[in-house]
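Please follow the strands of this protein one by one, with the sequence and the structure side by side.

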Amino acid sequence: QVQLVESGGGLVEPGGSLRLSCTASGLTISNYALAWFRQAPGAEREFVQGISWNGGVTYEGDSGKGRFSVSKDNTKNTGYLQMNNLKPDDTATYYCATSEYLDMVANSYEYWGQGVQVTVSS
């Protein structure tokens, strides 16, 4: 009954911005850490950004450092990934996931969305 649904992906030119949303049902995101991962063809699943259950701690991966940020809106039971100054190397499928504790390891997360495609191209 737990479901995470990502939205907000699409095609954007280099230097552009996107905001991805992750709307949860069957769980309350204020009680869980929420993280974003991405996976490009032929690559490992990579940690992007994460936020603790109370929003007090955030982690960022190397690739999005200084360009991406994560947040939650508990009233909407939704997490967000704001992506600015996008680069072609950011092209990937982006996934949101939840865990009891904030972590950067994909295997630590029990619940996953189906993913949303982000393509950065001219």
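**Strands, pairing and surface**

In strand β11, V118 stands opposite A92. This is a predicted model, in which local features need pLDDT of at least 70 and side-chain atom pairs count only at pLDDT 80 or more, whereas totals for chains, interfaces and linings use all residues. Residues are numbered from 1 along each chain as its sequence is written, and side-chain values use heavy atoms, with hydrogens and water left out.

Strands here are DSSP runs (E, at least two residues), numbered from the N terminus, and two of them pair if DSSP finds at least two bridges between them. Strand β9 (residues 92–99) is joined to β11 by 3 bridges and runs antiparallel to it, while β2 (residues 10–12) is joined to β11 by 3 bridges in the parallel sense, with L11 having T119 as its bridge partner.

In a regular strand the side chains alternate between the two faces of the sheet. Along β11 (residues 116–120), V116, V118 and V120 point to one face and are buried, while Q117 and T119 point to the other and are not; buried means under 20% relative accessible area, exposed over 50%, and partly exposed in between (1.4 Å probe, protein chains only).

An open sheet of 4 strands, paired antiparallel, follows the order β1-β3-β8-β7. Because β1 (3–7) and β7 (68–73) stand at the edges, each with a single partner strand, one side of each is left without a neighbour in the sheet. Between β1 and β3 (residues 18–25) there are 5 bridges, and V5 has T23 as its bridge partner in β3.

Finally, V57 lies in the loop between β5 (46–51) and β6 (58–60), and V57 counts as partly exposed because its relative accessibility is 39%.
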